[in-house]
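This report goes through the contacts, cores, sheets and single elements of the structure shown below.

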Amino acid sequence: MKKIQQRLRPWLVKYLSLPSDVVMELPRITIIGQLHVYIENHKGLAVFTDTELRLKTTKGYIQIKGSSFVLKMMLPEEILLEGKVTDVRFIPG
Amino acid sequence: MKQIQGSYIKGYVTIIVKGRMPELFFQQCVNNGISVWNVRREGKSSCSGNIKLTDIPQVKQLRREGDYKISFDKRRGYPFLFSRFLRRKEFVLSFIMSVLLILFMSNVIWKIEITGELPKEIEEKIATQLNEYGIHPGAFLFTIDAPGKIQQKLIDDIPELLWVGVHQKGTTYQLEGVEKIVVKKDEVSGPRNLVATKKGVIKKMYVSKGVPKVMVNDFVKPGQLLVSGTLNENTNEQGDTNKQEDEKEKPNPILVAADGEIVASTWYEVDVTIPLKKNYELLTGNQEKRYYIGINNFKLPIWGFASPEYKAIHQDNKETSLNFFKWTLPIKIIESTLSEKQYHELERSREEAIKDGIKQAKEELQLQLGPDAKITSEKVLHESIENGKVKLYLYITVEENIAKAQPINQGD
C-alpha cells in the first residue's frame, strides 16, 4: 500500500498540479534576503545554536547556517528564524 | 504572528532553560501547544525564550517531566505593571481619593448666574433669597429642591418678579428673571378714548380727563364710547360734512389721554355642578423620611427601614442624580417622604350644596374678573338634582370697571 501511495504522489503533483509541499509532506522554506528564513511543515527541532539551526523533516534534516540566530516565533509546524543566513543545506538522514 | 499578538496586555515572561540540549525543551513546549518566541541561545547549555503568562502552569508541568532547570527572568506586560501599581498603597489611595474628589466636586454648585435685564437691587434680592433656600456656591446639589420648586418659591417671595426661569446646567445655576414693572411701562400714553368692554348699566362715573359721553344709569354696549379724548369735538364734527375744505381753516382738535373709572353693573350666567357626596384627603402631619440609593429601577434603602403604622400613606419622592463631570451617573439618591393621610367623607344636604355651589361660582368669577370687581347679587335661575349632583344655573350681577383705553387714530 505504502509503495503505491509513494508512487502515486509525484504523479499527482506532476499531472494534476497539486501543491507539492502538501501532497508530499515536504517542508516549505521561504527565505527573505539573508535576514529571515520561514520554514513550514517541518517535523521538529534538532539543534539550535547561535550559528546553526537543524530541523527534522520526513527525509532527513535541513541545516541552516549563519550568525546571531534568534527564533522569532515557534509554532508546532512553523518556525521563523532571524539572523544572518549564509547556508541552507539538505542532509539526507 | 497572531499567536503572540496582544501578549503585552496579557503579560509574558522570559524564561531561561539550562540543561543538555536546552532548545529541545522549547520544542516540547511547542508540541504541547505553548507558543514560544524570541528564542535565543545564551551559551552552551542555556537558552532563553518568551512565553505567555497564561502558559506558565503548563511549562511548570513540563519542567517536572524533563530534567531541565528553568528560571524566570523578565516579567513584562500589563498584569505586572498593574500589580506593581497595586503594591504602592499610597498611589492607589490617591487615585481613589481623586475619583472621589471629582465626584464630590461634580455635585456641588459652583456658580449662580442671574441673567435678564434686572436692576441691581432685584438681582441682589434674588441672590439673598437663594441663599436663604440654601442655594449658594458650595452647596450640595442633592440638598436643594428641584428647579421648578425654586422657581415657584422665588416668585412667591419676590413680588417684583413677574417670572423667573431656573435651570440647572451641570454645576451652575442659571436664573433668568423678568421684572413686573417693565411690562406696566409698556402701556400706550397718547391721545385716547375710553370705550366699554362689556354691556352693562353705568352705576358710577369718575372722569379725570376727557369729555364724558354717557350718563349714570345709561345702558352701554361693548365698544361704545364712554369718555372722549377729543376736547373741542363739536367744531370738528361740523367740519365732518365737508372735511377736506374745512381742515385747513378749522383749528386742530385738542387731543388728550382720557382717563377715568366707569363702574357699571354687569351680569353673568354661570353653570355649576356640585356633588352631594364629597371625598377628600387630609394629611395628618405625621411623616417619616426614607433615603434610598437608586440604580435604574432598583432601590437600595440606606436610611429608614421600619414601615410606619399609617392606615393610608401619601408618598412623595424626590430624586437627585449624581454627576461625574458633565455626565449624569445612573445612580440616584432618592428621598421619599411618607405622610399619613386620612380620608374624609362628607354628605351635604341640598341646601348646603346650593350654598357651596354659589360660593364656588362667585369665587371662580371673582378670580376671572380680578380683585377690583364687586359681586353685588346672585340669583338661582334653575336647579336640578341628577345622579347625586346638584346642577345650578346662576345669575350674578357684578359692579366692575368696564372702561378700556382706545388710542385715537390721528390719521397720519
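Val36(B) touches Met74(A) across the chain boundary, and within chain B it touches Phe26(B), Cys29(B), Val30(B), Gly49(B), Asn50(B) and Ile51(B), with residues up to four places away in sequence left out. These contacts, like everything that follows, belong to a predicted model. Val36(B) is also a member of the largest nonpolar core, which has 30 residues. Leu71(A), Met74(A), Leu81(A), Phe26(B), Cys29(B) and Val36(B) are the members that touch the most others in this core. Strand S5 of chain A gives the core its largest share, five residues. There is a second, separate core of 13 residues, and among its members are Val195(B), Ala196(B), Val227(B) and Ala258(B).

**Where the chains meet**

The contact between the chains involves 13 residues of chain A and 16 residues of chain B. On the chain A side, strand S3 (45–48) and strand S5 (60–75) each supply at least two residues. Of the elements on this side, S5(A) gives the most, with six residues. By class, the side of chain A that touches chain B has nine nonpolar, two polar and two charged residues.

S5(A) also takes part in a strand pairing between the chains: with strand S2 (residues 36–41) of chain B, S5(A) pairs in the antiparallel sense over three bridges. Within that pairing, Met74(A) stands opposite Val36(B). Met74(A) and Val36(B) are thus bridge partners as well as two of the residues with the most contacts inside the largest core.

**A loop residue in chain A**

Thr51(A) is located in the loop between S3 and strand S4 (52–57) of chain A. Is Thr51(A) buried, exposed or partly exposed? Thr51(A) has 16 C-beta neighbours inside 10 Å, and therefore counts as partly exposed. Beyond four places in sequence, the contacts of Thr51(A) are Lys65(A), Gly66(A), Ser67(A) and Phe69(A). For one of these, Gly66(A), the C-alpha to C-alpha separation from Thr51(A) is 5.1 Å, although the two are 15 residues apart in sequence.

**Chain B as a whole**

The secondary structure of chain B comprises 11 helices and 20 strands. Chain B has 412 residues, of which 17% count as buried. Among contacts in chain B with a separation of 6 or more, 68% join residues 24 or more positions apart.

**Strands and sheets of chain B**

Strands of a sheet pair through backbone hydrogen bonds, in either the parallel or the antiparallel sense. Some antiparallel pairs of chain B are listed here, each with one pair of opposed residues.

| Strand pair | Bridges | Opposed residues |
|---|---|---|
| S10(B) and S12(B) | two | Pro212(B) and Val227(B) |
| S9(B) and S13(B) | seven | Lys209(B) and Asp259(B) |
| S13(B) and S19(B) | 13 | Val263(B) and Asn401(B) |
| S6(B) and S7(B) | eight | His167(B) and Gln174(B) |

One open sheet of chain B has four strands in the order S10-S12-S8-S20, with antiparallel pairing. Strand S10 (211–212) and strand S20 (403–407) of chain B are at its edges; each has a single partner strand, so one side of each is left without a neighbour in the sheet. The partner of S10(B) in the table is strand S12 (residues 225–228) of chain B. Val227(B), opposite Pro212(B) in this pairing, is also a member of the second core.

Strand S13 (residues 259–275) of chain B pairs with strand S9 (residues 200–209) of chain B. S13(B) is also joined to strand S19 (residues 389–401) of chain B.

A further open sheet has three strands in the order S5-S7-S6 (chain B), and its pairing is mixed. Which strands stand at the edges of this sheet? They are strand S5 (111–115) and strand S6 (161–169) of chain B, each with a single partner strand, so one side of each lacks a neighbour in the sheet. With direction ignored, neighbouring strands of this sheet are turned by 20 degrees against each other on average. Strand S7 (residues 172–179) of chain B runs antiparallel to S6(B).

**Helix H5 of chain B**

Helix H5 (residues 89–106) of chain B is 18 residues in length. From first to last C-alpha, H5(B) reaches 26 Å, close to the 26 Å expected at 1.5 Å a residue. The number of buried residues in H5(B) is zero, so the helix lies largely in the open.

Notes. Residues numbered from 1 in each chain as written. Chains lettered and ligands numbered in written order. Predicted model: local features only at pLDDT ≥ 70, side-chain atom pairs only at ≥ 80, totals over all residues. Buried ≥ 20, exposed ≤ 12 C-beta atoms within 10 Å, placed from the backbone. Contact = placed C-beta atoms within 7 Å. Nonpolar A, V, L, I, M, F, W, Y, C, P; charged D, E, K, R; others polar. Pairing = 2+ DSSP bridges. Axes fitted to C-alpha atoms, helices over the stretch in contact; angles between N-to-C directions. Expected span 1.5 Å × (residues − 1). Core = buried A, V, L, I, M, F, W, Y, C linked by C-beta atoms within 7 Å.
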